[in-house]
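Got the viewer open? Here's a tour of what to select next, and what you'll find there.

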Amino acid sequence: SHHGWRIVPNLARGLELTGLDQLWVADITYVHMREEFSFLAIVLDAFSRRVVGWALETHLQASLAIAALEMAIADRNPTPGSLIHHSDRGVQYACKDYTAVLKVHDIQASMSRVGNPYDNAKAERFMRTLKQEEVYTSDYRDADEARASIGDFIDQTYNRQRLHSALDYQPPAEYEEKLRLFFQAEDGIRDIGVTGV
């Protein structure tokens, strides 16, 4: 976090979330392989705890974090001006290439306070889960093997099977689907009310 790029205020602190794609949290961690390290960048929806974007490479350049962000944007297509992106103060998130992607999609940047792990707790909690349930029990030969195994863990195990107490003991994908059906039903009731007048 020691760099010359602009640091933005923490907009996530105390934010009351009411739905999906209001707050995304991002983080980067290292993954030990047999002969070297790789690095994993993730973007997680803070409301559903679902990992919506990720990338794994053997470098820590900004393109790693950008790849995870672009995956999230392609998957979720957030409404411009409706989303806050929260991260630590790392150079990957503060640099002009990363902030340019946020600006193009009208996503507002937010950053943690200095030395405060609680500000990005949901992203860090996912990283701890990933390490305990996948990384520490694996022996990755290389980045390709790590990418395949971790991708499977994120997409199949974490997003679709792992239960979360904060989600009424549902996995993120199931929670999001029930939420989508609920809002569709509410919209239908409103439509009936309007046409019936």
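**Stop one: a charged network**

Start by selecting Asp21, Asp45, Arg50, Arg76 and Glu176: salt bridges link these residues in a network. Keep in mind that you're looking at a predicted model. Side chains of opposite charge can pair when their charged atoms come close.

Zoom in on Arg50 and Glu176 first. Their side chains meet in a salt bridge, at 3.1 Å from N to O. The pair links distant parts of the chain: Arg50 is in the loop between β2 and β3, Glu176 is in helix α6 (residues 172-195), and the two positions lie 126 residues apart in the numbering, counted as 126 residues apart. Are these two buried or exposed? Arg50 is buried, and Glu176 is too.

Stay on Glu176 and add Arg76. Here is another salt bridge, with N and O 2.9 Å apart. Arg76 belongs to helix α1 (residues 62-76) and Glu176 to helix α6, so this pair ties together parts that are 100 residues apart in sequence. Glu176 counts as buried because its relative accessible area is 8%, under the 20% cut-off. Arg76, at 14%, is buried as well.

While you have charged pairs on screen, the count for the model comes to 12 salt bridges.

**Stop two: a pair on one helix**

Now select Asp144 and Arg147. They form a salt bridge whose closest N and O atoms are 2.9 Å apart. Both residues lie in helix α5, 3 residues apart, which is about one turn of the helix. How accessible is Asp144? Asp144 is exposed, with a relative accessible area of 54%. Arg147 counts as partly exposed, at 24% relative accessibility.

**Stop three: the sheet**

Switch to cartoon view and colour the strands. You should find an open sheet of 5 strands in the order β3-β2-β1-β4-β5, with mixed pairing. β3 and β5 are the edge strands, each pairing on one side only. From one strand to the next, the twist averages 20 degrees.

Strands of a sheet pair through backbone hydrogen bonds, either parallel or antiparallel. For the antiparallel case, go to β2 and β3, joined by 6 bridges. Pick Leu44 there, and you'll find its bridge partner in β3 is Val51. Helix α5 packs on the sheet, touching β1, β2 and β3, and its direction makes about 170 degrees with that of β3.

Next, select β4 (residues 84-87). Which of its faces are covered? Both: Ile84 and His86 on one side, and His85 and Ser87 on the other, are all buried. β4 pairs with β1 in the parallel sense over 3 bridges, and Leu23 has Ile84 as its bridge partner in β4. β4 also runs parallel to strand β5 (residues 108-111), with 4 bridges joining them. On that side, look for His85 opposite Ala109 in β5.

**Last stop: helix α4**

Finish with residues 121-133, which make up helix α4. This helix has 13 residues and reaches 18 Å from its first C-alpha to its last, close to the 18 Å expected at 1.5 Å a residue. Show the side chains of its buried residues: Ala123, Phe126, Met127, Thr129, Leu130 and Lys131. What do they pack against? Turn on β1 (23-32), β2 (37-45), β3 (51-57) and α5 (143-158), and you have their packing partners in view.

Technical notes: Residues are numbered from 1 along each chain as its sequence is written. This is a predicted model: local features need pLDDT of at least 70, side-chain atom pairs count only at pLDDT 80 or more; totals for chains, interfaces and linings use all residues. Side-chain values use heavy atoms; hydrogens and water are left out. The expected span of a helix is 1.5 Å times one less than its number of residues. Buried means under 20% relative accessible area, exposed over 50%, partly exposed in between (1.4 Å probe, protein chains only). Contact means heavy atoms within 4.5 Å. A salt bridge is a side-chain nitrogen of Lys or Arg within 4 Å of a carboxyl oxygen of Asp or Glu. Two strands pair if DSSP finds at least two bridges between them. Axes are lines fitted to C-alpha atoms, for helices over the stretch in contact, and angles run from 0 to 180 degrees between N-to-C directions.
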